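Trainee: Before I rely on the terms used for this protein, I would like to hear how each of them is justified.
Mentor: Then let us look at the structure together and set values against definitions.

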Amino acid sequence: MLATGGALGLGALLAACGDGSSNEDSGAGGKGDGGAWTFEDDRGKTAEVEGGRPKRIVAYISAAAALHDYGIECVGVFGPSKPVRGKPNPQVGGVDLDKVTSLGSAFGEFSLERYAKLRPELLISNMFPPPNLWFVPDESKKKIYELAPSIGIKGSNTSLLDPLRRYEQLAKALGGDLSSDKVTAAKKRFEKAEKRLREVAKKRRGIKVLAMTGDGDNMYVAVPDSYCDLNYFKDLGVEFVEGKKSDKWGFWEFLSWEKADKYPADLIMIDNREQALTPAELAKKPTWRRLPAVKAGQTLTWSMEERYSYAGYAPRLEALATALEKADKLR
């Protein structure tokens, strides 16, 4: 219908799917009536799929990567998945991009026609903050939600442990094997890395860490409690520079490059997403080059949209612990 009918075919298909309201307000999770599969998300809404576990899953790329770590594969993804400066996109994880359909990479790109052709049974994304699903466009979300029930997992203003547990629960509900050697090894590695980071943070008290991103106009200093990973690292004892909220979202303090030295820091975490300035691009900013941590080479990658799995975050904890061990106090 979509191939031959264009917009008219798409409209007919959407109309045939109903308004989807029962899918998003069906109550608590668990087994529904008539063999339906259900899962209550972090909006307090329950996704319900008739006929058992959904198989045709479409997810935001890092959500798909988290599920992949538990053996759950998606048929479609959306969000940044293209290589970044010639290297694999850090949000992709182990997802084989040749085996999934991309609905779009940039913010605001979400091909409704391609989504409908996939015959989706379930849509999954993160939320920064709830209730909006990350990279699901506002202007088309009503039609998108009509095609399949949706699940949102909270990824801000909470501890990293929360989305890690939620994706673990979701993967189990979708049929993932949480007792497999791969999964149990990843969790043990994470727990070992957690213990090490806590011990290193205790020994290295006084080392101040600043998490940031940058563009041509500004340097953005993270508000640690807004980011679940930084929030969790704080719980483990890591001492962060506390950026002040510059807008209603509360994720960043905006600093012009002339004011990049506002906060003394011993170690700087640099956003590795596609839209962020790379270390080489940052080096073109004189005020950046003059920062003590930059001059001392005390920087590390911040994977601020890492997939929410133990396999995804164990290496991040290890890298931060190593950087803290090596960092000198510069203030």
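Trainee: What volume does the largest pocket have?
Mentor: In this predicted model, the largest pocket has a volume of about 1,100 Å³. Its lining comprises 45 residues, and those closest to its centre are Phe107, Phe128, Trp134, Phe251 and Arg273. Strand 8 (208–214), helix 8 (228–235) and strand 11 (252–256) are the elements that give two or more residues to this lining.

Trainee: What makes a residue part of the lining of a pocket?
Mentor: A lining residue must have an atom within 4 Å of a point of the pocket, and 45 residues line the largest pocket. By class they are 24 nonpolar, ten polar and eleven charged residues.

Trainee: Which residues are closest to the centre of the second largest pocket, and which strand gives the most to its lining?
Mentor: The second largest pocket, at about 320 Å³, is lined by 16 residues, of which Val84, Arg85, Asn272, Thr278 and Pro279 are the closest to its centre. Strand 12 (267–271) and strand 13 (299–302) each supply at least two residues of that lining, and strand 13 gives the most, with three. The lining divides into eight nonpolar, four polar and four charged residues.

Trainee: Why is the pair of Tyr220 and Trp252 called edge-to-face?
Mentor: Two rings pair if their centres lie within 6.5 Å, and planes over 60 degrees apart count as edge-to-face. For Tyr220 and Trp252 the centres are 6.3 Å apart and the planes stand at 65°, so both conditions are met and the pair is edge-to-face. It is one of 21 aromatic pairs in the structure. Tyr220 lies in strand 9 (residues 218–222) and Trp252 in strand 11, so the pair ties together parts that are 32 residues apart in sequence.

Trainee: How do you know whether Tyr220 and Trp252 are buried or exposed?
Mentor: Buried means under 20% relative accessible area. Tyr220 has 14% relative accessibility and therefore counts as buried, and Trp252, with a relative accessible area of 13%, is buried as well.

Trainee: What makes the phi values of Arg119 and Phe135 worth pointing out?
Mentor: Most residues other than glycine have a negative phi. Arg119, which is not a glycine, has a positive phi near 50°, and Phe135, also not a glycine, has a positive phi of about 70°. Arg119 sits in the loop between helix 4 (112–117) and strand 6, whereas Phe135 belongs to the loop between strand 6 and helix 5.

Trainee: Why is Arg119 called exposed, while Phe135 is called buried?
Mentor: Exposed means over 50% and buried under 20% relative accessible area. Arg119 reaches 56% and so counts as exposed, while Phe135, at 8%, is buried. Phe135 also belongs to an aromatic cluster, whose members include Phe107, Phe128 and Trp134.

Trainee: Which peptide bonds are cis, in the loop that holds Pro129 and Pro131?
Mentor: A cis bond joins Phe128 and Pro129, with omega about -5°, and the bond from Pro130 to Pro131 is also cis, with omega near 10°. Pro129 and Pro131 both lie in the loop between strand 6 (122–127) and helix 5 (141–147).

Trainee: How do you know where the prediction calls for caution?
Mentor: The chain averages a pLDDT of 90, and 90% of the residues score at least 70. Over residues 1–30, however, the pLDDT is below 50, although this stretch has 45 contacts in the model beyond near neighbours in sequence.

Methods: Residues numbered from 1 in each chain as written. Predicted model: local features only at pLDDT ≥ 70, side-chain atom pairs only at ≥ 80, totals over all residues. Heavy atoms only, no water. 1 Å grid on protein atoms, 1.4 Å probe; cavity = no way out; pocket = protein on both sides within 12 Å on 5 of 7 lines; lining within 4 Å. Points joined across faces, edges and corners; volume = space filled by probe spheres on them. Helix = DSSP H or I, 4+ residues; strand = E, 2+ residues; numbered from the N terminus. Nonpolar A, V, L, I, M, F, W, Y, C, P; charged D, E, K, R; others polar. pLDDT = per-residue confidence, 0-100. Contact = heavy atoms within 4.5 Å. Buried < 20%, exposed > 50% of the residue type's maximum accessible area, 1.4 Å probe, protein only. Phe/Tyr/Trp six-rings, centres within 6.5 Å; stacked < 30°, edge-to-face > 60°.
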